[in-house]
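Here are some short exercises to work through with the model open beside you. Try each one yourself before you read the solution.

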Amino acid sequence: MVSAFWIVRGSLRRRLHALISTCSKGLNEMLQDLAIYSADNFSDMNIVSSFMGLKSLTILSSNRYLQPGGGCAAPYDLPNLEELRLHGLTYLVNISELVGHLGLQFSKLKLIEVVRCPQMKCLLFYGNFILSLPNLEAIKISFCEKLDELFNYTPDQTLGVEPVAPNLKTLELKNLPKLRSLCRPKESWPSLEQFYVVKCNLLSKLPLNIQNANTIKEIRGESQWWSGLKWDSHNTESALKRFLVFPYLFLLQKRTL
């Protein structure tokens, strides 16, 4: 059974802002039901327009595989989607698997949040359907035991230096024991302001350079992890170290406020 909870400002006919869908059967069945439900019930063009205005999508709890090709196709696109949250999708390998199922578009996406997706190996495939994430401002990932890279690049994109998400401001990474890579070796993220890392001990290279000292506001991470990082120069490390806050110091600061 699929349960969908609609959070709407104003009437449904005016604009649908958020959808939270929880599924107790397979993810394929949930996506297929969502597509069929939309086709059957959103025949009124005003309601279709409302659904296309969806800004926030959350998918919760599935412990079955997502079949390649999907077996369903969304009768709409989600061109205005700004927030995508995926929690507890046991067999989801990467977000790109959802592109064909839901008609996802990423041109306006501002937030990606992934929690407890234990089979996820990379966040996105970059270079086929997804060529740019121009408005993405925040990535938050936690408790994904097999994740070893954020982006997987097609062969013709592996040598690029332009950032995948040029306006990314916040990156939160927690409990990702196999994570080794955030991006291509020479890529840097110029807009990053907040960088939080907890229990990502294999991550040794950051997409930061000396110019980031002008934009970064806080780096939060463990002292042992920080001491093992590899830098393009000693000057970069020195310039950024003043923004470093160790987790236990951060907690002490909050308690004294």
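**Exercise 1.** Where is the place of Asn175?

*Solution.* Asn175 sits in the loop between β9 (170-174) and β10 (194-198). Strands here are DSSP runs of E with at least two residues, and helices are runs of H or I with at least four, numbered from the N terminus. This is a predicted model, where local features need pLDDT of at least 70, side-chain atom pairs count only at pLDDT 80 or more, and totals for chains, interfaces and linings use all residues. Residues are numbered from 1 along each chain as its sequence is written, and side-chain values use heavy atoms, leaving out hydrogens and water.

**Exercise 2.** Describe the phi and the exposure of Asn175.

*Solution.* Start with the background: most residues other than glycine have a negative phi. Asn175 is not a glycine, yet its phi is positive, about 55°. Next, take the relative accessibility: buried means under 20%, exposed over 50%, and partly exposed in between (1.4 Å probe, protein chains only). Asn175 has 23%, so it counts as partly exposed.

**Exercise 3.** Now do the same for Phe143.

*Solution.* First find the residue: Phe143 lies in the loop between β7 (138-142) and β8 (149-153). Its phi is positive, near 55°, and Phe143 is not a glycine either. Phe143 counts as partly exposed because its relative accessibility is 30%.

**Exercise 4.** Step back and describe the whole protein.

*Solution.* Count the elements: there are six helices and 12 strands. Then look at burial: of the 257 residues, 46% are buried.
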